[in-house]
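Here's a quick briefing to read alongside the model. Grab a viewer and follow along.

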Amino acid sequence: MKAVTTDISAARVPPTLGVLLAGGLARRMGGGDKPMRTIGGRTILERVIARLASQCSGLILNANGDPGRFAAYGLQVVADDVPGFPGPLAGILAALDWTAANRPEIEWVLSAAGDCPFLPRDLVAQLHEARARENAQLAVAASGEQSHPVIGLWRVALREELRHALVVEDLRKIDRWTARYPLATVTWPIEPLDPFFNANTVEDIAEAERLAALDDAS
């Protein structure tokens with residue numbers, strides 16, 4: 001199975017592969033795959049794909065376990081190769097490795113949480129613009145006064161440094177990794193809704209239904 005591809009030439013940004021991070025254990029949801037929950041008649045994952053497909057030069061999915069459960073989405077599923085569910089940095093590393101092996105012409109990977117259904121439609125362009133303007137190595141998203149380091153741009157060339165941090169240093173927190181490099185942060189408004197709202201709990205699903213109605217009407 002190949003990564004879903006699309007033409008983003010009109011976006012005037014460097015070719016960027018998108019990875020949807022769905023490798024978590026979803027303990028607060030009682031287990032299972034959070035992106036497969038349905039809001040507003042569509043799965044969260046379907047909404048994430050719809051937001052990012054036109055912004056990226058391809059999409060892959062980082063998930064562990066049986067990849068067949070995602071077959072309906074037509075995405076290449078890439079598992080962590082660092083054992084023990086070490087968190088989203090392992091998913092980012094897996095995406096960087098996959099890109100280097102399969103899309104060597106691409107220098108940048110965008111990571112996004114697979115449970116964020118309302119991602120900005122200009123996410124990739126804004127992150128690249130800030131990165132270039134500030135001569136940064138990495139770029140991450142923010143909203144309100146909160147940073148969302150799981151949603152960011154990663155240079156494929158840094159993958160061996162990331163592997164060393166994960167495997168040798170046992171580093172787990174994304175913000176500790178990004179602190180090592182010049183970092184650009186782009187902040188989005190939270191009205192009428194926070195574009196980085198994520199469904200972490202069962203209660204969040206009810207709020208997501210309300211926000212989906214707003215989003216679908218916009």
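What follows covers the sheet, an aromatic pair and a pocket.

This is a predicted model. Its open sheet has seven strands with mixed pairing, and helix α3 packs on that sheet. F118 turns up twice below, once in an aromatic pair and once by the centre of the second largest pocket.

**The sheet**
- Going across the sheet, the strands come in the order β5-β4-β1-β6-β8-β7-β9.
- At the edges sit β5 (76-78) and β9 (183-188), each pairing on one side only.
- On average, neighbouring strands are turned by 30° against each other, ignoring direction.
- Over at the β5 edge, β4 (residues 59-62) and β5 run parallel and are joined by three bridges; L61 stands opposite V77 in β5.
- Helix α3 (residues 123-133) touches β1 (16-21), β6 (108-113), β7 (138-143), β8 (146-155) and β9. The direction of α3 makes about 140° with that of β9.

**Aromatic pairs**
- The model has three aromatic pairs.
- One of them is F118 with F197, a tilted pair with ring centres 6.3 Å apart and 40° between the planes.
- That pair links distant parts of the chain, 79 residues apart: F118 is in the loop between β6 and α3, while F197 is in the loop between β9 and α6 (202-217).

**The second largest pocket**
- This pocket holds about 230 Å³ of space.
- It's lined by 15 residues, and those closest to its centre are F118, R121, L193, P195 and D215.
- Sorted by class, the lining has nine nonpolar, five charged and one polar residue.

Technical notes: Residues are numbered from 1 along each chain as its sequence is written. This is a predicted model: local features need pLDDT of at least 70, side-chain atom pairs count only at pLDDT 80 or more; totals for chains, interfaces and linings use all residues. Side-chain values use heavy atoms; hydrogens and water are left out. On a 1 Å grid over the protein atoms alone, a cavity is a set of points where a 1.4 Å probe fits but cannot get out, and a pocket is an open set with protein on both sides within 12 Å along at least five of seven lines; lining residues have an atom within 4 Å of a point. Grid points are joined across faces, edges and corners, and a volume is the space filled by probe spheres set on the points. Ala, Val, Leu, Ile, Met, Phe, Trp, Tyr, Cys and Pro count as nonpolar, Asp, Glu, Lys and Arg as charged, and the others, Gly among them, as polar. Two strands pair if DSSP finds at least two bridges between them. Helices (H or I, at least four residues) and strands (E, at least two) are DSSP runs, numbered from the N terminus. Axes are lines fitted to C-alpha atoms, for helices over the stretch in contact, and angles run from 0 to 180 degrees between N-to-C directions. Contact means heavy atoms within 4.5 Å. Rings of Phe, Tyr and Trp (its six-membered ring) pair if their centres lie within 6.5 Å; planes under 30 degrees apart count as stacked, over 60 as edge-to-face and the rest as tilted.
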